[in-house]
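Visitor: I have not seen this structure before. Could you take me through it step by step?
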Amino acid sequence: YIARLRQISCPCLALHGETDYMFIRPMAQLAREIPHCRLIVMAGRGHMTALEDPQALADHLIGFLKAL
């Protein structure tokens, strides 16, 4: 599937918490392989960013959508 990621033509957002160690490498790879993919790493957050800091997550999502 990695080779097909470059075929994605819409803007994408890859977002994870800084301490969500299972997703650090996969999200970085998505951001490298998908054209127009923005990577956001939420500092001090883990796997459950929506519960840990819902306002910061909402701000990141709104910022991404406004930039479209």
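Guide: Certainly. The protein chain exposes about 4900 Å², and carbon and sulfur atoms supply 61% of that area. Please keep in mind that this is a predicted model.

Visitor: What does the secondary structure come to?
Guide: The protein chain has three helices and two strands. Read from the N terminus on, its elements run β-α-β-α-α.

Visitor: And what does the C-alpha trace span?
Guide: Along its principal axes, the C-alpha trace spans about 35 × 30 × 15 Å.

Visitor: How much of the chain is buried?
Guide: The protein chain has 68 residues, of which 28% count as buried. As for contacts between residues at least 6 apart in sequence, 66% join residues at least 24 apart.

Visitor: Let us turn to helix H1. Which of its residues are buried?
Guide: Helix H1 covers residues 24–33, and its buried residues are Met27, Ala31 and Glu33.

Visitor: What covers them?
Guide: The cover includes strand S1, residues 12–17, and strand S2, residues 37–42.

Visitor: Which residues form the largest nonpolar core?
Guide: That core has seven residues, namely Leu5, Cys12, Ala14, Met27, Ala31, Ile34 and Cys37. S1 and H1 each supply at least two residues of this core.

Visitor: Why would such residues gather?
Guide: In soluble globular proteins, nonpolar side chains tend to be buried together.

Visitor: What is Cys37 in contact with?
Guide: Leaving aside neighbours within four places in sequence, Cys37 is in contact with Cys12, Leu13, Ala14, Leu30 and Ala31. Of these partners, Cys12, Ala14 and Ala31 also belong to the largest nonpolar core, as does Cys37 itself.

Visitor: A change of topic: where is Asp20?
Guide: Asp20 lies in the loop between S1 and H1.

Visitor: Is Asp20 buried or exposed, and why?
Guide: Asp20 counts as buried because its relative accessibility is 9%, and the cut-off for buried is under 20%.

Visitor: Which side chain of opposite charge is nearest to Asp20?
Guide: That is Arg45, which is 12 Å away, and Asp20 has no salt bridge.

Visitor: Then what polar contact does the side chain of Asp20 make?
Guide: The side chain of Asp20 makes a polar contact with the side chain of His47, at 2.9 Å. Not counting neighbours within four places in sequence, Asp20 is in contact with Arg45, Gly46 and His47. In addition, the C-alpha atoms of Asp20 and Met42 are separated by 9.6 Å, although these residues are 22 apart along the chain.

Visitor: What about Phe23?
Guide: Phe23 is also found in the loop between S1 and H1. It counts as partly exposed because its relative accessibility is 31%.

Visitor: What does Phe23 touch?
Guide: With residues up to four places away in sequence left out, Phe23 touches His16 and His47. The C-alpha atoms of Phe23 and Gly46 are separated by 9.8 Å, and the two residues are 23 apart along the chain.

Definitions and conventions. Residues numbered from 1 in each chain as written. Predicted model: local features only at pLDDT ≥ 70, side-chain atom pairs only at ≥ 80, totals over all residues. Heavy atoms only, no water. Buried < 20%, exposed > 50% of the residue type's maximum accessible area, 1.4 Å probe, protein only. Helix = DSSP H or I, 4+ residues; strand = E, 2+ residues; numbered from the N terminus. Contact = heavy atoms within 4.5 Å. Core = buried A, V, L, I, M, F, W, Y, C linked by side-chain atoms within 4.5 Å. Lys, Arg positive; Asp, Glu negative; His and termini not counted. Salt bridge = Lys/Arg side-chain N within 4 Å of Asp/Glu carboxyl O. Polar contact = N/O pair within 3.5 Å; in protein donor to acceptor, adjacent residues only side chain to side chain. Areas by Shrake-Rupley, 256 points an atom, 1.4 Å probe, with all protein chains shown as cover.
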